[in-house]
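Student: I'd like to go through how the labels on this structure are earned, value by value. Can you walk me through it?

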Amino acid sequence: MKKEGYVYDYETIKNTFVAVYINIYDKSDMKIFEMSPFKNDLKDLFEFQTHLINNKITIVSFNGLSFDYQVTRFIRENYNTLRGFGNGVDVAGTIFNFVENLFKIKNEKGYGIYSAKDNPFIEIDVAAINNYNNKQKFASLKWLQYNMDWPNIIDMDCKPTDELNQKQIVQLTIYCINDCLSTFELFKKNIEQVKVRNNLSKYFKIPLQNLSEPKLVKAILSNLLSKDLDIPEAILKTKKTFRKTIHLNEAILPYIKFKTKPLIQTLDKFKSLKLDGQNLKGSFAHKVTYRGLELSFALGGIHGAKRGLYKQENNMIIKSFDVKSYYPNLCIRNKWSPAHFDAETFCKRYEWFYDERLKYDKSNPLNYLYKIVLNSAFGLSNDDNSFLKDSFLTMRITCNGQLLLVQLMEELCEEIPGARPIMINTDGGEIILPKEYESKYYEICKKWEEQTSLILEFENYQKLIIWDVNNYIGIFKPIEIKKEEAINKIKNEFPKPLIKKKDGKYYYFPIKLKGRFEIDKALHKNKSYRIKPIAIYNYFVHGIDPKETIKNDKNIYNFCAGIRAKKGWELVETCIKKGEYTENKLQKTVRYYIANSGCKIIKKDLNSSREIKIEATSNINEEIAIKIDNDLPIENYNINYSFYEKLVRTEIESVDPILTQQKLF
């Protein structure tokens, strides 16, 4: 018996409906169903779907629960009526009318007609799992195709209201197949997340398969807390504590104290604050410079970083400290909880998640998932729609969290001669100090742990390249590895790992890339000009000239950038050929690269005459690369290498050791 599981997608046009199912175990097994003026595969589609339901065969979609599944339910519930039409065009037209109504209802109510809870299919929606419909993470399939270097990101070349001919229907089907194949690729990238949700669904005995991380956290927490507190889950979800006024002096731990005047004054500022409990955002900001490091305090947390390049040399060492599960443990150790829950019960459950996480290695997806549960509880405490809502708890966590970190940093720098802070953020910090005082460093940290009942974790940096607190490269202290492991890493890892051989032994230097220096970003983020972080990495880690990295890279995707037109805007390609100016309207998501010849891409505001150039420099040409031939040699693309060299060098110069290296003493 063949293995079955299908990725699927629908296209609905006024006179044409196309459904494509591709077997995830055998891509040559492709089912195509068409209802149009030329075909009527309604009966075959219905019977195939029945086969999927009866045999519990998994289907995979992108945004399927919000759209494709809705269409499926309509077809199945109205099958006898649709079958009575006898021709495909009437079937397609009826489905099209349903879709028009579906969009109208979704725009008005924010959700579809059919509940996903009633889905008769075993369906995995990769958009739902990743929360790609969320405003902060929004990503269309086209945008994700661009970010995962999909060769063909061409948009549908017809409008939903068009009347298609046979040739156009073929093109529509090809387009649908392309979307199916790219959805399958997304599914493969999310396979571990799918497995985790399946395992958790079985463990907690609740359906979690298609929940995004925020919804997953709420579902698991509400399920367990309702049992712990002996409250029906429906009632528990209505529990909230709203605060009219928050006096911060009541929230701050009594043992927090500072020694230096600027920080003493900062603590006094915090204690004097009376906050609007219904509107915390942006209501407090305070900056102070401590030993050359500007500290930016706010109600949400602290950050500060000293731009530059730092090396472990001249008997100076770079130490990093992080608090283990900082925000969760602040609650657990201090017995803090939302006011409407019993603190002992809440913290016991919270600690259970902490202990569960420790059972799994960091490479295990369950470790990550329990981390999300732990950390998300903090965010939910300031969410008006959450059963953990209590903004006083939020302030307890964030205000004490940042003040305790600064207290530790001050203690280290005041007690250790020559110690200087270089970075601090949310749950940890970095300082430089003379190596001879390393034992003193650990002694001070130990006292802080005893006072707070929190646990610190430590790292040693060989080198830190800092742009700001969210953008840096960290090269850690080397780890001795076997020759075979060193060879395997060099052969298989990208970017090239830093491995050195000394006295016949091999040493591997772990590297952390943060923010703008990340080479492989989360799929919803813009990966434009990936060659830039690759070249910067090679320069700072391996000492390779950026020009060499850029010239030797044969991957055209690394030179590409992406842009998407948001609501109210359109993308237009403007060209001057043989002295004649032309404009070509582009699709909403565009991939391009900088070439020695080509045109200019501009964004047009549809509500005004405002225009914005994608690349402001007038002599820069953008070449559209919506479809890429993977077999085409890089030389055929006429890349403007000087543009990329300048792009990289501008970034490097901001932290180049020759220009901005900080003295460590």
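Tutor: What follows takes a few labels in turn and sets each value against its cut-off. Keep in mind that this is a predicted model.

Student: Let's begin with a helix residue. Why is threonine 72 called buried?

Tutor: Threonine 72 has 3% relative accessibility, and buried means under 20%, so the label fits. The residue sits in helix α2, which spans residues 68-77. Leaving aside residues up to four places away in sequence, threonine 72 touches Tyr8, Tyr10, Gln49 and Phe121.

Student: On to charges. How many salt bridges does the structure hold?

Tutor: There are 34 salt bridges. A good one to start with is arginine 333 and glutamate 351.

Student: How do you know that arginine 333 and glutamate 351 form a salt bridge?

Tutor: Check the distance: the closest N and O atoms are 3.1 Å apart, and the cut-off is within 4 Å, so the pair qualifies. Arginine 333 belongs to helix α12 (residues 326-334) and glutamate 351 to helix α13 (residues 343-358), so the bridge ties together parts 18 residues apart in sequence.

Student: What makes arginine 333 partly exposed?

Tutor: Partly exposed runs between the 20% limit for buried and the 50% limit for exposed. Arginine 333 has a relative accessible area of 33%, so it lands in that range. Glutamate 351, with 26%, is partly exposed as well.

Student: And what makes the meeting of aspartate 520 and arginine 530 a salt bridge?

Tutor: The N to O distance there is 2.8 Å, which satisfies the within 4 Å rule. Aspartate 520 and arginine 530 are ten residues apart, and each is in the loop between β20 (511-514) and α18 (531-542). Arginine 530 counts as buried, with 12% relative accessibility against a limit of under 20%.

Student: Lysine 532 and glutamate 651 have 3.9 Å from N to O. Why is that called a salt bridge?

Tutor: The cut-off is within 4 Å, and 3.9 Å meets it. This pair links helix α18, home of lysine 532, to helix α20 (residues 641-653), home of glutamate 651, across 119 residues. Both lysine 532 and glutamate 651 are buried.

Student: Which residues are joined into one network by salt bridges that share partners?

Tutor: Lys2, Asp29 and Lys31.

Student: Now helix packing. Which values describe two packed helices?

Tutor: The angle between their axes and the distance between the axes.

Student: Then why is α9 called oblique to α13?

Tutor: The axes of α9 (residues 213-228) and α13 come within 10 Å and cross at roughly 135°. That makes α9 oblique to α13, because roughly antiparallel needs over 145 degrees and roughly perpendicular runs from 65 to 115. The crossing of the two is right-handed.

Student: Which residues meet there?

Tutor: From α9, Ile220, Leu221, Leu224, Leu225 and Asp228; from α13, Thr345, Phe346, Arg349, Trp352 and Phe353. By class, the contact of α9 with α13 has seven nonpolar, one polar and two charged residues.

Student: What makes α8 roughly parallel to α9?

Tutor: Helix α8 (residues 191-204) and α9 have axes that come within 12 Å and cross at roughly 15°. That makes α8 roughly parallel to α9, since the label covers angles under 35 degrees. Here the crossing is left-handed. Arg197, Leu200 and Phe204 of α8 make the contact with Glu213, Leu216, Ile220, Asn223 and Leu224 of α9. Its residues divide into five nonpolar, one polar and two charged.

Student: Last, the backbone. How do you know that the peptide bond from phenylalanine 494 to proline 495 is cis?

Tutor: Its omega is near 0°. Proline 495 is in the loop between α17 (483-492) and β18 (498-502).

Student: And what about phi of aspartate 149?

Tutor: Phi is near 55° there, a positive value in a residue other than glycine. Aspartate 149 lies in the loop between α6 (141-147) and α7 (166-189), and is partly exposed at 23%. Aspartate 503 also has a positive phi, about 55°, without being a glycine. It is found in the loop between β18 and β19 (505-509).

Student: Why is aspartate 503 called exposed?

Tutor: Aspartate 503 has 73% relative accessibility, and exposed means over 50%, so the label holds.

Note on methods:
Residues are numbered from 1 along each chain as its sequence is written. This is a predicted model: local features need pLDDT of at least 70, side-chain atom pairs count only at pLDDT 80 or more; totals for chains, interfaces and linings use all residues. Side-chain values use heavy atoms; hydrogens and water are left out. Helices (H or I, at least four residues) and strands (E, at least two) are DSSP runs, numbered from the N terminus. Buried means under 20% relative accessible area, exposed over 50%, partly exposed in between (1.4 Å probe, protein chains only). Contact means heavy atoms within 4.5 Å. A salt bridge is a side-chain nitrogen of Lys or Arg within 4 Å of a carboxyl oxygen of Asp or Glu. Axes are lines fitted to C-alpha atoms, for helices over the stretch in contact, and angles run from 0 to 180 degrees between N-to-C directions. A crossing is left-handed if the near helix is turned anticlockwise from the far one by less than a right angle, and right-handed if clockwise. Ala, Val, Leu, Ile, Met, Phe, Trp, Tyr, Cys and Pro count as nonpolar, Asp, Glu, Lys and Arg as charged, and the others, Gly among them, as polar.
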